[in-house]
Amino acid sequence: QLQLVESGGGLVQPGGSLRLSCAASGFTLDYYAIGWFRQAPGKEREGVSCIDYSSGSANYVDSIKGRFTISRDNAKNTVYLQMNDLKPEDTAVYYCAVDWVRAVCEAPISPRDYEHWGQGTQVTVSS
């Protein structure tokens, strides 16, 4: 069974940090692009970051540049999103997804380009 499973979400105070994980099973992430997206209540799903799994090249949406870092662990078939200096506006459900068809990480990071999705993990930034 092909699965992406996100974990690491939770409640954190403004200025805090979280690290999200996206673990793949049933397939290898090699040669694909993996994206992180978020969706806040009443808003459209937004591309946050992506990474080309084979090369490691990455892109970020402007609102999180300098605060979030995407990385991957080949041995664990997992992609991470390290989130620092979190703000209340970062509150959302965070999803990871794989672009199997184009297999490229490029801006803008559009949900339409990603075919297989995880179930999401809630991130709440509040004091």
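A polar contact here is a pair of N or O atoms within 3.5 Å, where one must be able to donate a hydrogen and the other to accept it. Keep that in mind for this tour of a predicted model.

Begin by selecting Q122, which you will find in strand β11, the run of residues 121-125. With its side chain shown, look for the side chain of T124, with which the side chain of Q122 makes a polar contact at 3.3 Å. Then turn to A92, whose backbone oxygen lies 3.4 Å from a polar atom of the Q122 side chain.

Next, widen the selection to the surroundings of Q122, where, leaving aside residues up to four places away in sequence, you will meet G9, G10, T91, A92 and V93 in contact with this residue. Pause at G10, for although 112 residues separate G10 from Q122 in sequence, their C-alpha atoms are 6.1 Å apart in space. Is Q122 buried or exposed? Because its relative accessibility is 40%, Q122 counts as partly exposed.

Now move to the largest nonpolar core, a set of 27 residues in which L29, W36, V79, L81, M83 and Y94 touch the most other members. Strand β11 is one of the elements that give two or more residues to this core, and others you can colour include β3 (18-25), β8 (78-83) and β9 (92-99).

Within that core, select L29 and display its contacts, among them L4, I34, Y53, V79 and V98, again not counting residues up to four places away in sequence. Finally, select A33, F37, C50 and I109, which are included in a second, separate core of seven residues.

Methods. Residues are numbered from 1 along each chain as its sequence is written. This is a predicted model: local features need pLDDT of at least 70, side-chain atom pairs count only at pLDDT 80 or more; totals for chains, interfaces and linings use all residues. Side-chain values use heavy atoms; hydrogens and water are left out. Helices (H or I, at least four residues) and strands (E, at least two) are DSSP runs, numbered from the N terminus. Buried means under 20% relative accessible area, exposed over 50%, partly exposed in between (1.4 Å probe, protein chains only). Contact means heavy atoms within 4.5 Å. A nonpolar core is a set of buried Ala, Val, Leu, Ile, Met, Phe, Trp, Tyr and Cys residues joined through side-chain atoms within 4.5 Å.
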